[in-house]
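Visitor: I would like to take a close look at a single part of this model, and to have it explained slowly enough for a first-year student. Could you start with the charged side chains and go on from there?

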Amino acid sequence: GSDDVRDLKVVARKFKTVPELLEHVDHMIAMNAEMKALSKQFNESIQLTTIHRAKGLEYKHVYVLSSVDGGLPHDYALEAYRGGDDVPLQEERRLLYVAMTRAQNSLYLSVPQTRRGKTAYPSRFLKSFIKKV
């Protein structure tokens, strides 16, 4: 939806022309196909999935990407919370719990410095895990 369009705009700004962007897209598609072929050959793979689809599953290693306010919790939940409705925010907290508990051996939470070209801040849900020195 609108998130995808915003993300596309951020990426598109990195290219001077539409053909350059499309060449990059073609390159990424080819790289993805190559990686899939290699993973089948060596019987190793990475599964990229959503938190919703990971419910009930377990993985040796879990990486939760973009654990920042606006990503997790999502912008929609933050807006609802600012408007006095904390239900979407609590649902997002539950989703993070689901993601974290899918890990059998290791869990990694990524916190990028920027999101959509702006400074990103660690998810408010991580504050209880971060130890202040």
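Guide: In this predicted model, Asp-75 forms a salt bridge with Arg-6, and the closest N and O atoms of the two side chains are 4.0 Å apart. The two partners come from distant parts of the chain, since Asp-75 belongs to helix H4, which covers residues 75–82, while Arg-6 sits in helix H1, and 69 residues separate them in sequence. How open are these two residues to their surroundings? Asp-75 has a relative accessible area of 25%, which makes Asp-75 partly exposed, and Arg-6, with a relative accessible area of 36%, is partly exposed as well.

Helix H1 also holds Asp-7, and the side chain of Asp-7 meets that of Arg-116 in a salt bridge with an N to O distance of 2.8 Å. Arg-116 lies in the loop between E3 and strand E4 (118–119), so this pair ties together parts of the chain that are 109 residues apart in sequence. Here the two partners fall into separate classes of exposure: Asp-7 is partly exposed at a relative accessible area of 35%, whereas Arg-116, at 19% relative accessibility, counts as buried because the cut-off for that class is under 20%.

A further salt bridge is found between the side chains of Arg-124 and Asp-69, with 3.0 Å from N to O. Arg-124 is in the segment after E4 and Asp-69 is in the loop between E1 and H4, so that distant parts of the chain, 55 residues apart, are linked once more. Both residues count as partly exposed, Arg-124 at 31% relative accessibility and Asp-69 at 23%.

How do such contacts fit together? Salt bridges that share partners join Arg-6, Asp-7, Asp-75, Arg-115 and Arg-116 into one network, and the count of salt bridges comes to seven.

Let us turn from charged groups to aromatic rings. A search of the whole structure finds one aromatic pair. The rings of Tyr-63 and Tyr-108 have their centres 4.7 Å apart and their planes at 10°, so the pair is stacked, the cut-off for stacked planes being under 30 degrees. This contact, too, links distant parts of the chain, with Tyr-63 in strand E1 and Tyr-108 in strand E2 (residues 103–109), 45 residues apart. Tyr-63 is exposed, with a relative accessible area of 54%, and Tyr-108 counts as partly exposed at 43% relative accessibility.

Tyr-63 leads us on to a pocket. The largest pocket has a volume of about 1400 Å³, and of the 33 residues that line this pocket, Tyr-63 is among the closest to the centre, together with Leu-48, Thr-49, Thr-50 and Leu-65. The elements that each give two or more residues to the lining are helix H1 (2–12), helix H3 (51–54), strand E1 (59–64), helix H5 (87–100) and strand E3 (114–115). Strand E1 gives the most, with six residues. Sorted by class, the lining has 14 nonpolar, 11 polar and eight charged residues.

Two elements therefore deserve a second look as you turn the model. Helix H1, which holds Asp-7 of the salt bridge to Arg-116, gives residues to the lining of the largest pocket, and strand E1, where Tyr-63 of the aromatic pair is found, gives the most to that lining.

Definitions and conventions
Residues numbered from 1 in each chain as written. Predicted model: local features only at pLDDT ≥ 70, side-chain atom pairs only at ≥ 80, totals over all residues. Heavy atoms only, no water. 1 Å grid on protein atoms, 1.4 Å probe; cavity = no way out; pocket = protein on both sides within 12 Å on 5 of 7 lines; lining within 4 Å. Points joined across faces, edges and corners; volume = space filled by probe spheres on them. Helix = DSSP H or I, 4+ residues; strand = E, 2+ residues; numbered from the N terminus. Nonpolar A, V, L, I, M, F, W, Y, C, P; charged D, E, K, R; others polar. Phe/Tyr/Trp six-rings, centres within 6.5 Å; stacked < 30°, edge-to-face > 60°. Buried < 20%, exposed > 50% of the residue type's maximum accessible area, 1.4 Å probe, protein only.
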